[in-house]
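Work through the exercises below with the structure in view. Try each task before reading its solution.

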Amino acid sequence: MRKDEKNNIPTPASSEHEINSQLQQWVNLYAADLYRRAYYLTSHRETAEDLVQETFLAATQQFGQYEGKSAPKTWLQGILNHKVADYFRLRFRQKPSQDIDPSANDTYFTESGAWRTEALPAKWDDSPENLLDVPEFGRVFEECLEHLPATWHDVLLLKFIESKKSEEICQSLGITTTNYWQIIHRAKLQMRHCLEQLWFQRR
Amino acid sequence: MMKYLMLSCREATRLTEKKLTSGRLSLLDNIQLAMHLRMCERCRRYAQQSTAIEKVLERQLKEQEENEVNYEGEPPVLPNDFRERLLRRLQQGDGI
C-alpha cells in the first residue's frame with residue numbers, strides 16, 4: 001500500500017492486489033468488532049456473520065470511493081449499518097401483512113382509548129437516562145428490545161441506524177406513515193411496559 | 001367543541017410518539033396533545049418515560065458502535081474459520 005508522503009495516509013489503491021492486501025489487513029483488525037455490532041443489532045449469529053462478510057465484499061467494491069477522510073473502521077461501520085438496514089427492510093417486506101388494527105387485541109387501552117388499569121404507567125423512581133451506567137439495566141433494556149416482535153424491533157431501530165427522515169423510512173419499507181407511527185407506538189408501549197415489569201417494579 | 005378537541009389516551013400517546021420521531025406535529029395535533037397532557041398525569045408520565053427510553057436507545061446504539069457495551073458473560077465471538085472463509089471469497093474476486 002502506498003502512503004501519502006506527508007500525512008502517511010493510504011492513498012486509493014489502484015490494483016486488485018493492493019485492494020486485497022488492504023482488505024485483508026482490515027479483516028484482521030476490524031472483523032471482530034463489526035461482528036459484535038452486527039450481533040447486537042440482529043441477535044442472530046449466522047445473520048451477523050453474513051452481514052459482516054457482505055460488508056467486506058462491499059468494501060472491496062467501493063474501495064475506490066474511500067478517501068481516507070474517516071478512519072477505516074468508521075467507514076466499514078457505515079457500510080455495515082447499511083447492510084443491517086437492508087436486512088431489516090427485507091425481513092419486514094417478507095412478512096405478509098404489517099397492518100396494525102389500533103383497536104384489535106389492545107392490551108394497553110380500552111375500546112374507548114383509555115388506559116387499562118393493569119397497563120397504567122407507574123411512577124419510576126429513577127429515569128432510565130440516569131441508569132445508563134448501570135450494566136444490569138443495560139441488559140434488561142436489551143432483553144426488552146429482544147422481546148419485541150422482530151418487525152417492530154427493526155422499524156424502531158431503523159431510524160437510529162440510518163438517521164433518515166420518517167418519510168424515507170416509510171418509502172423504503174413500503175408502508176404508509178400512519179402505519180409507521182402505529183408500529184412505533186406499539187413498540188414503545190411494549191418497551192415501556194417491559195422495563196417497568198423487569199426493572200422498576202422489582203427495585 | 002371541547003369533546004371534539006379531547007383526545008383519548010391512546011391517541012395522545014400515539015401523537016407523543018409521532019412528535020418524538022418526526023420532531024413536529026400539525027398545529028391542531030400539537031394543541032390537542034398539549035391540552036391532553038395538561039390534564040392527564042398518566043400520559044405525561046408516558047411521554048417522559050418514552051422520551052427517556054428514546055435517549056437510552058440512541059446512546060446504547062452509539063456506545064455499542066464504539067464498543068463500550070459490557071456483555072454479560074461471553075461476548076459474541078467470530079467463528080474460527082470466519083476470516084479464512086472471507087479472505088477466500090475476497091481472493092476469488094467475489095466482491096469485485
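**Exercise 1. Find which cysteines of chain A form a disulfide, and say where they sit.**

Solution. This is a predicted model.
- Step 1: Check the sulfur distance. The sulfur atoms of A:C144 and A:C194 are 2.1 Å apart. A disulfide needs them within 2.5 Å, so A:C144 and A:C194 form one.
- Step 2: Place both ends. A:C144 belongs to helix 4 (residues 135–147) of chain A, and A:C194 to helix 7 (residues 177–200) of chain A. They are 50 residues apart, so the pair links distant parts of the chain.
- Step 3: Read the torsion. About the S-S bond of A:C144 and A:C194 it is about -85°, so the disulfide is left-handed.
- Step 4: Count over all chains. The total is 1 disulfide.

**Exercise 2. Decide whether A:C144 and A:C194 are buried or exposed.**

Solution. Buried means under 20% relative accessible area.
- Step 1: A:C144 has 1% relative accessibility, so it counts as buried.
- Step 2: A:C194 has 12% relative accessibility, so it counts as buried too.

**Exercise 3. Explain why B:C43 has no bond to B:C40, and describe B:C9.**

Solution.
- Step 1: Take B:C9. B:C9 is in no disulfide. Its nearest cysteine sulfur belongs to B:C43, 3.7 Å away.
- Step 2: Take B:C43. Its closest cysteine sulfur is in B:C40, at 3.6 Å, which is too far for a bond.
- Step 3: Add burial. B:C9 is buried, with a relative accessible area of 13%. B:C43 has 1% relative accessibility and counts as buried.

**Exercise 4. Locate the largest nonpolar core and follow one of its residues.**

Solution.
- Step 1: Size it. The largest nonpolar core has 67 residues.
- Step 2: Name the residues with the most contacts inside it. They are A:W26, A:F56, A:F141, A:L156, A:L157 and A:L195.
- Step 3: Place the core. Domain 1 (16–94) and domain 2 (117–200) of chain A both give residues to this core, so it lies between them.
- Step 4: Follow A:F56, leaving aside its neighbours within four places in sequence. In chain A it is in contact with A:L23, A:W26, A:V27, A:A31, A:L34 and A:L76. In chain B it is in contact with B:L86 and B:L90.
- Step 5: Look for another core. One of 15 residues lies apart from the largest nonpolar core, and its members include A:W115, A:L189, B:L37 and B:Y46.

**Exercise 5. Describe the setting of B:R45.**

Solution.
- Step 1: Find its element. B:R45 is in helix 4 (residues 41–65) of chain B.
- Step 2: Check burial. The relative accessible area of B:R45 is 14%, so B:R45 is buried.
- Step 3: List its contacts, leaving aside neighbours within four places in sequence. B:R45 is in contact with A:P121, A:A122 and A:K123.

**Exercise 6. Set out the figures for chain A and chain B.**

Solution.
- Step 1: Count elements. Chain A has 7 helices and 0 strands. Chain B has 5 helices and 0 strands.
- Step 2: Take burial. In chain A, 49% of the 203 residues count as buried. In chain B, 43% of the 96 residues do.
- Step 3: Take contacts between residues at least 6 apart in sequence. In chain A, 68% of them join residues at least 24 apart. In chain B, 53% of such contacts are between residues 24 or more positions apart.
- Step 4: Take surface. Chain A has an accessible surface of about 10200 Å², with 45% belonging to carbon and sulfur atoms. For chain B the surface is about 5700 Å², with 49% belonging to carbon and sulfur atoms.

Conventions:
Residues are numbered from 1 along each chain as its sequence is written. Chains are lettered from A and ligands numbered from 1 in the order in which they are written. This is a predicted model: local features need pLDDT of at least 70, side-chain atom pairs count only at pLDDT 80 or more; totals for chains, interfaces and linings use all residues. Side-chain values use heavy atoms; hydrogens and water are left out. Helices (H or I, at least four residues) and strands (E, at least two) are DSSP runs, numbered from the N terminus. Buried means under 20% relative accessible area, exposed over 50%, partly exposed in between (1.4 Å probe, protein chains only). Contact means heavy atoms within 4.5 Å. Accessible areas come from the Shrake-Rupley method with a 1.4 Å probe; for residues, only the protein chains shown count as cover. A nonpolar core is a set of buried Ala, Val, Leu, Ile, Met, Phe, Trp, Tyr and Cys residues joined through side-chain atoms within 4.5 Å. Domain bounds come from an automatic or database domain assignment.
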